[in-house]
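Here is a walk through one protein chain. Keep the sequence and the coordinates side by side as you read.

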Amino acid sequence: MIFGSRGRERFLDAVTAFEAAVLDRDGDRSTQAFQEIHRHFQHAGDEEIAAAGPRLAALLSEVPPGPRGVIAVVVGACVERGADARRCASYVFDGLAGALADAGEFCERWAATGGGDFPEPDPGDPDPAVVERVGRQAALGWWTLPQWEMASVAMLNRPEVRTSLGDALRNRLLTAVRPVQEASGHDFKCLVYALLVLDDEPLVVLHRPTGTGYALRMGGIGDNFQLHTLLADALVGGGHIPGRAPSAAEAAVCRDRPGQVPTTGSFDLVAPTGEWIWNEGTPSDIPLVDGVRLLVLDPPSYQRSWPAGRFFPHMTGGLVLERVLEREEAARLLAGCVTKEG
């Protein structure tokens with residue numbers, strides 16, 4: 001084999017050399033070692049990748065701000081190949097928080113110095129004219145934010161990271177990204193949607209035409225397109241309500257099978273207050289009623305088709321029917337729900 005055990009050793013040798021160079025503040029050696037990491041990454045074995053991910057993550061705060069986001073992306077790639085996400089995530093989220101703070105400062109300074117279209121954060125160093133206008137740290141915050149988004153989503157693909165994230169940190173990151181979204185026009189949708197993913201979340205669904213209700217539990221669902229298909233599979237496919245049931249393939253790609261399969265909507269998703277719950281949104285849009293998310297299903301107003309699948313291809317989705325509500329309970333809940341708007 002061209003890339004045998006020696007090739008794998010070279011990958012960890014490069015990681016060790018990179019650690020030493022970064023701690024010695026030697027830019028030339030750091031660059032050379034990183035090039036070796038990149039060169040040998042593809043052919044490194046699972047054990048080497050598992051060892052490298054946490055080591056590189058722990059080094060992030062020591063890496064200069066310019067290349068720090070690139071190293072975070074490598075950490076994310078290690079996690080995608082099996083490195084322990086829990087041992088890497090806190091370092092990545094610390095870096096993300098710093099990048100968001102700097103990007104927020106960038107937005108303020110950009111507006112204060114004349115505004116205009118935001119520069120595209122292309123790979124490489126920030127444009128010197130941008131640095132002169134807003135300062136290097138703020139420019140790097142904006143320039144490296146897509147890298148931190150990529151690395152953070154790699155962490156958030158893992159349920160153990162999402163469930164240990166904590167509401168305080170989750171809300172802090174969402175609060176930090178929203179003014180950057182508003183000022184720049186960039187939605188950072190992958191980051192926001194990943195932070196909004198719910199796990200082990202109770203969901204009560206009321207089917208208005210039949211007056212029936214269902215208690216379910218969901219997790220790892222990236223958007224309401226995915227939720228819609230899984231609901232149709234559980235309730236229509238399960239024989240509980242009439243309508244179009246998705247095929248086994250349509251449901252499977254919304255759980256854990258790769259790819260996408262064309263599907264057609266089975267109902268309208270409606271909040272108890274009558275507002276639409278759009279497929280383009282996330283399950284977090286479903287309102288809490290007495291501490292539990294409550295969703296109403298109405299007959300489809302028109303035919304809608306889309307590619308069934310997962311918004312996050314590396315995130316496993318699940319929706320489990322736990323029980324059918326008693327008729328009296330479903331009727332009571334439906335009595336408090338408003339007919340959908342429009």
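A residue counts as exposed when its relative accessible area is over 50%, as buried when that area is under 20%, and as partly exposed in between. With that in hand, start with helix 2. The face turned away from the buried side of helix 2 carries the exposed residues Asp28, Gln32, His38 and Arg39. Bear in mind that this is a predicted model.

Which residues of helix 2 are buried? They are Ser30, Ala33, Ile37, His40 and Phe41. These buried residues cover an arc of only 105 degrees around the axis, so they sit on the same side of helix 2. The helix has 15 residues. From first C-alpha to last, helix 2 reaches 21 Å, close to the 21 Å expected at 1.5 Å a residue. At its start, a side-chain oxygen of Asp26 comes to within 3.3 Å of the backbone nitrogen of Asp28. Asp28 is also one of the exposed residues on the outward face.

Now step back to the whole chain. The protein chain has 13 helices and eight strands. Its C-alpha atoms fill a box of roughly 70 × 60 × 35 Å along the principal axes. Of the 342 residues, 48% are buried.

Next, the open space. The largest pocket holds about 460 Å³. Its lining has 24 residues, and the closest to the pocket centre are Thr31, Val63, Gly66, Pro67 and Val70. Helix 1 (5-23), helix 2 (27-41), helix 4 (65-80) and helix 7 (136-156) each give two or more residues to this lining. Which element gives the largest share? It is helix 2, with five residues. By character, the lining divides into 12 nonpolar, eight polar and four charged residues.

Helix 4 also contributes to the lining, and it deserves its own look. The buried residues in helix 4 are Gly66, Gly69, Ile71, Ala72, Val74, Val75, Gly76, Cys78 and Val79. Gly66 is also among the residues closest to the pocket centre. The 16 residues of helix 4 should span 22 Å at 1.5 Å a residue, and its end C-alpha atoms are 23 Å apart, which agrees. After helix 4 comes Gly82, with a positive phi near 115 degrees.

Move on to helix 5. Its 28 residues, 85-112, should span 40 Å at 1.5 Å a residue; the end C-alpha atoms lie 39 Å apart, which agrees. At the start of helix 5, a side-chain oxygen of Asp84 reaches to within 3.0 Å of the backbone nitrogen of Arg86. Beyond helix 5 comes Gly114, and its phi is positive, near 115 degrees.

Further along the chain is helix 9, residues 167-184, where Pro179 is found. Is Pro179 buried or partly exposed? At 42% relative accessibility, Pro179 counts as partly exposed. Pro179 and Gly166 are 13 residues apart in sequence, and their C-alpha atoms are 21 Å apart in space.

Two loop residues come next. Most residues other than glycine have a negative phi. Phe188 is not a glycine, yet its phi is positive, about 45 degrees. Phe188 is found in the loop between helix 9 and helix 10 (189-196). At 8% relative accessibility, Phe188 counts as buried. Asp200 is another residue other than glycine with a positive phi, near 50 degrees. Its place is the loop between helix 10 and strand 1 (201-207). Asp200 counts as exposed, at 55% relative accessibility.

Then look at Gly222, in the loop between strand 2 (212-219) and helix 11 (224-236). Its relative accessible area is 1%, so Gly222 is buried. Gly222 and Pro313 are 91 residues apart in sequence, but 9.4 Å apart in space, C-alpha to C-alpha.

Finish at Asp268. This residue lies in strand 4, residues 268-270. With a relative accessible area of 0%, Asp268 is buried. What joins the side chains of Asp268 and Ser301? A polar contact of 2.4 Å does.

Conventions:
Residues are numbered from 1 along each chain as its sequence is written. This is a predicted model: local features need pLDDT of at least 70, side-chain atom pairs count only at pLDDT 80 or more; totals for chains, interfaces and linings use all residues. Side-chain values use heavy atoms; hydrogens and water are left out. Helices (H or I, at least four residues) and strands (E, at least two) are DSSP runs, numbered from the N terminus. The expected span of a helix is 1.5 Å times one less than its number of residues. A polar contact is a pair of N or O atoms within 3.5 Å; within protein, one must be able to donate a hydrogen and the other to accept it, and residues adjacent in sequence count only if both atoms are side-chain atoms. On a 1 Å grid over the protein atoms alone, a cavity is a set of points where a 1.4 Å probe fits but cannot get out, and a pocket is an open set with protein on both sides within 12 Å along at least five of seven lines; lining residues have an atom within 4 Å of a point. Grid points are joined across faces, edges and corners, and a volume is the space filled by probe spheres set on the points. Ala, Val, Leu, Ile, Met, Phe, Trp, Tyr, Cys and Pro count as nonpolar, Asp, Glu, Lys and Arg as charged, and the others, Gly among them, as polar. Buried means under 20% relative accessible area, exposed over 50%, partly exposed in between (1.4 Å probe, protein chains only). The arc is that of the directions from the helix axis to the C-beta atoms.
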